[in-house]
Amino acid sequence: MRIHLTSVFVDDQAKAEHFYTEILGFVKKHDVPVGEKDRWLTVVSPDEPDGTELLLEPAGHPAARTYRDALVEDGIPLAQFAVDDVQAEYTRLHGLGVRFTQEPVEMGPVTTAVFDDTCGNLIQIATQPQ
Amino acid sequence: MADDDLFKALGDPTRRTILDELTEKSGQTLFEICGRLSMKHGLGISRQAVSQHLAVLETAGLVGTRREGRYKFHDLNTAPLRRIAERWHVPDAGGPEPAAGPEPKESTP
């Protein structure tokens, strides 16, 4: 069994598409209309075009808002992405106006940081020692 | 008694570690504090337990919480610690330590 797809609930799919591709640097993989205005919208890493897809799922379900707001208040990220250098990525994203709730911190073997994806979620980036 | 809250808060090693980490950087989310405790200090305690520790520190006035938009941050406030120094007078920090003063006359055999 492999992890093929995972998802984040986003407030606005168009805004999410912009943030996850233009700012974070992911590549759009699927964009299929579903229902009236929703899309099956997935992105992948440019380094792994056939790797795990991230579904940018509309946060329409009434429970989604309560759930996500509670996580954001306590600073809990919804997903973690691996980067080669957290500090460099922090500098790059911060320069693009991305809001971090946790600046890079060495936590034992890993360095992590947490930012707001502007679509209702916090995302953690981490560098694992090689 | 406010002092009882203060001493109770300081009387627990996990809470002292939380204060250490907030000294390194004030303004942390609950998630960051939990991460530091588990990853840096190997403390396997639940998020709920950390929340309770923070509540005790907040009651003692050592930690304050601040909401910024949708986020909540915890800040260190060491002001209550002054009450300890005032209660048991501490000599001037700038003055010489008793042992570090002029050469003690201990050379006499």
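Visitor: Among contacts in chain A between residues at least 6 apart in sequence, what percentage join residues at least 24 apart?
Guide: Heads-up: this is a predicted model, where local features need pLDDT of at least 70, side-chain atom pairs count only at pLDDT 80 or more, and totals for chains, interfaces and linings use all residues, while side-chain values use heavy atoms and leave out hydrogens and water. Residues are numbered from 1 along each chain as its sequence is written, with chains lettered from A and ligands numbered from 1 in the order written. Contact means heavy atoms within 4.5 Å. For chain A contacts between residues at least 6 apart, the share joining residues at least 24 apart is 52%.

Visitor: Which element of chain A has the highest mean pLDDT?
Guide: pLDDT is the predictor's confidence in each residue, from 0 to 100, and chain A averages 95. Its three helices and eight strands are DSSP runs numbered from the N terminus (helices H or I, at least four residues; strands E, at least two). Helix 2 (residues 62-73) of chain A has the lowest mean, 93. The highest, at 98, belongs to helix 1 of chain A.

Visitor: Which element of chain A gives the most to the largest nonpolar core?
Guide: That core has 25 residues, and A:Tyr20, A:Leu24 and A:Phe81 are among those with the most contacts inside it. A nonpolar core is a set of buried Ala, Val, Leu, Ile, Met, Phe, Trp, Tyr and Cys residues joined through side-chain atoms within 4.5 Å. Among the elements supplying at least two residues each are strand 1 (5-10), helix 3 (86-95) and strand 8 (122-127) of chain A. The top contributor, with four residues, is helix 1 of chain A.

Visitor: Are A:Tyr20 and A:Phe26 stacked or edge-to-face?
Guide: Both residues are buried, meaning under 20% relative accessible area (exposed is over 50%, partly exposed in between; 1.4 Å probe, protein chains only). Rings of Phe, Tyr and Trp (its six-membered ring) pair if their centres lie within 6.5 Å; planes under 30 degrees apart count as stacked, over 60 as edge-to-face and the rest as tilted. Here the centres are 6.4 Å apart and the planes sit at 20 degrees, so the pair is stacked.

Visitor: How far apart are the end C-alpha atoms of residues 2-128 of chain A?
Guide: UniProt's unreviewed entry puts "domain: VOC" at residues 2-128 of chain A. That span is 26% helix and 41% strand. Its end C-alpha atoms are separated by 21 Å.

Notes:
UniProt positions are given in the numbering used here, feature names are shortened, and annotations may be inferred rather than shown by experiment.
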